[in-house]
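Dear colleague,

I am passing on the structure below, and my notes on it follow directly after. Please read them with the coordinates open.

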2 protein chains.
Amino acid sequence: MAGIKDVAARAGVSISTVSYVMSGKRSIKAATKERVMQAARELGYTPSLNARTLRGEPTKVLALSSPIHDYTDYSNYALFFFALATRAKRYGYDILLLMHEYGDQELTRVVSSGMVDGILLLDVLMVDSRAEVAKTLDVPTVAVGYPSNSDGVYSVDLDFERMGREVIEKAYALGHRKILMVGSTGFAYEDGSNYLVRCRDAAVKRGADLGVSVMFKSSTGYGMADVKLLLDEAFSEEPDLSMIICQTNSAHIQNLQVALQDRGLRVPQDISLMGACTYGTAQSTRPVDEMPMQPSQVCSRAVDLLMEVLEGHRRDVGYVELMSPEYLARGTMGLRGN
Amino acid sequence: MAGIKDVAARAGVSISTVSYVMSGKRSIKAATKERVMQAARELGYTPSLNARTLRGEPTKVLALSSPIHDYTDYSNYALFFFALATRAKRYGYDILLLMHEYGDQELTRVVSSGMVDGILLLDVLMVDSRAEVAKTLDVPTVAVGYPSNSDGVYSVDLDFERMGREVIEKAYALGHRKILMVGSTGFAYEDGSNYLVRCRDAAVKRGADLGVSVMFKSSTGYGMADVKLLLDEAFSEEPDLSMIICQTNSAHIQNLQVALQDRGLRVPQDISLMGACTYGTAQSTRPVDEMPMQPSQVCSRAVDLLMEVLEGHRRDVGYVELMSPEYLARGTMGLRGN
DNA sequence: CTGAAAGCGCTTACAG
DNA sequence: CTGAAAGCGCTTACAG
């Protein structure tokens, strides 16, 4: 590893001259400059980031806190990672990946040891302890998600409460009055996974306002057996269901469609079907109407916001920005049959 | 951010004493030690990693080079990330995520600026330029994959050539003589994605040896329309196909099963079906026989190997370790019908 | 136009 | 049992 001394020796100048040539912060005689550049090139010299950081310069690294819960849908994680990493790179930032169950100490560790300039939070809970920890840290935090204890962080997310309301309004307009909402698996709701809970609760509340009954059932699994069992239970409790909303994924919805067919129910003539909080079903054999997560848009905005803060353009911690959800029609929502 | 000076002042000792208390490299009088610990706790002191690194200590960070190609199957990336991050953490290492199209400069940059102690390569090509770059860098590289220019790196992977051979041997034993192999989408094969190519080529070669015809077709997409078109072409070229091998994913295989059913073909009575290089279809409506990638096992071993190198226990760059693939039976492989 | 030197926050050989 | 000081590789105010 060539250091600044090596370059200086080779070019026959002082180390400060090398430094100034590299940074361009001082005008250097063309000839000298050229000698230095040449030496640096020959030695493959890159200034040590650690030495720079020690002097107080930014590390140009962002911590990405990605909790892993039993209900985490790995298959979609990469979309967020990619969106975040790509956007961050545009600003010259790298991503330090923290995959953990509960990330409080992890965050404290990487910040207090000076490894990162800022923090991105993924998979936020309704009450997220990381948002508390963030208050004690001296780098800004942007949550990709909207915790209710949002006062110590910046938050960017889709407006999942609005999504919940709009799903029900759509259903109502089509004449549906008895709706089944199929939730994700595991302890997502008990833990308080923020978007699932917000969307569900807003849907249930809007249903109550409009006189639409919304029966919620979380999934025990996405396999065929789980799906059938859930449908058996739901229809025995409420035989007049005319619509199903899924907060699940492509594979589950696929299975659900087969299970409905097995029951002799046609979509959308006999029963309407849509996804909410899904990650896209367009690739599926039978895509469904959906209001998807929009990782790319949300993540880009999250990084942009963090940059605004890091560049000193804003200091309004607690700021929350909610983006509008989108409705994608695929023909699986219809008027209530009879 | 409290520094070592603050702690020293608060405890009324010199900074070297604080350092020795933190590291435990010198015996300190119990009372002094306690005062220092107390002060450190009160100030929330964590030694600066940058200062340490500057003195030549390891950064405890590993670079993870994750190329993004047009054919990259995002949905499975997270599995590798998670397996790698989890294993690395066990050794106290964090992961610096590099998501890029071609990562040569990225690797040079993070290494020469002193950000990482080692490198992990994902999604390796048959001839991977990153393996060339690795030779010029002074930290070790472990490829999760097996490039043919493996002399500058350590390689860990499933034995995909063996997988290709075993798939054909299995088919042969069941009487199949005309086989369709459905490949991944995009430029995966042109680019030379190492495992896809190795598995396919070994299968074709073994087929030639045994007198089994293996027709290979890469996918134009995983949607229903693509699948049907591919089947139309394949059957018109070879009406006697009795088996299909898929180097694709769950969603594609799902669609394929529907398409076969539409053609009036039963699995496995009329046609046998299996996946190779897949990421698991157990969750699917109709799981298939498969020889899957095994991210968790391969990634764990890759990290272990990198640690062996970093700890100085081995210095045999170019070492290649291939793990045995596994066969998972789900009842979609049968004797050739007639 | 360029250089000598202080200092960032640590660790560790040297001294007592 | 503990402290003063050198040095890791940089940047930048100070000097010429």
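Over all chains, this predicted model holds 54 salt bridges. One of them pairs Glu166(A) with Arg162(A), the closest N and O atoms being 2.8 Å apart; these two residues stand four apart in helix H8 (residues 160-173) of chain A and are therefore separated by about one helical turn. Glu166(A) is partly exposed, at a relative accessible area of 27%, and Arg162(A) is likewise partly exposed, at 31%.

In chain B, the side chains of Glu169(B) and Arg206(B) meet in a salt bridge at 2.6 Å, N to O. Because Glu169(B) lies in helix H8 (residues 160-173) and Arg206(B) in helix H10 (residues 194-210) of chain B, the pair ties together parts that are 37 residues apart in sequence. Besides such pairs, salt bridges that share partners join Arg301(A), Glu308(A), Arg314(A), Asp316(A) and Glu321(A) into one network.

Turning to DNA strand C, the residues that come nearest among the 28 around the strand are Thr17(A), Arg26(A), Thr32(A), Ile4(B) and Ser19(B). A polar backbone atom of Ile4(B) is 2.7 Å from a phosphate oxygen of the strand, while a polar side-chain atom of Ser14(A) lies 3.1 Å from a phosphate oxygen. H2(B) gives the most to the surface near DNA strand C, with four residues, and by class that surface has ten nonpolar, nine polar and nine charged residues. Of the strand's atoms within 4 Å of the protein, 56% belong to sugar or phosphate and the rest to bases.

With best regards

Notes
Residues are numbered from 1 along each chain as its sequence is written. Chains are lettered from A and ligands numbered from 1 in the order in which they are written. This is a predicted model: local features need pLDDT of at least 70, side-chain atom pairs count only at pLDDT 80 or more; totals for chains, interfaces and linings use all residues. Side-chain values use heavy atoms; hydrogens and water are left out. A residue is near a molecule or strand if one of its heavy atoms lies within 4 Å of it. A polar contact is a pair of N or O atoms within 3.5 Å; within protein, one must be able to donate a hydrogen and the other to accept it, and residues adjacent in sequence count only if both atoms are side-chain atoms. Ala, Val, Leu, Ile, Met, Phe, Trp, Tyr, Cys and Pro count as nonpolar, Asp, Glu, Lys and Arg as charged, and the others, Gly among them, as polar. A salt bridge is a side-chain nitrogen of Lys or Arg within 4 Å of a carboxyl oxygen of Asp or Glu. Buried means under 20% relative accessible area, exposed over 50%, partly exposed in between (1.4 Å probe, protein chains only).
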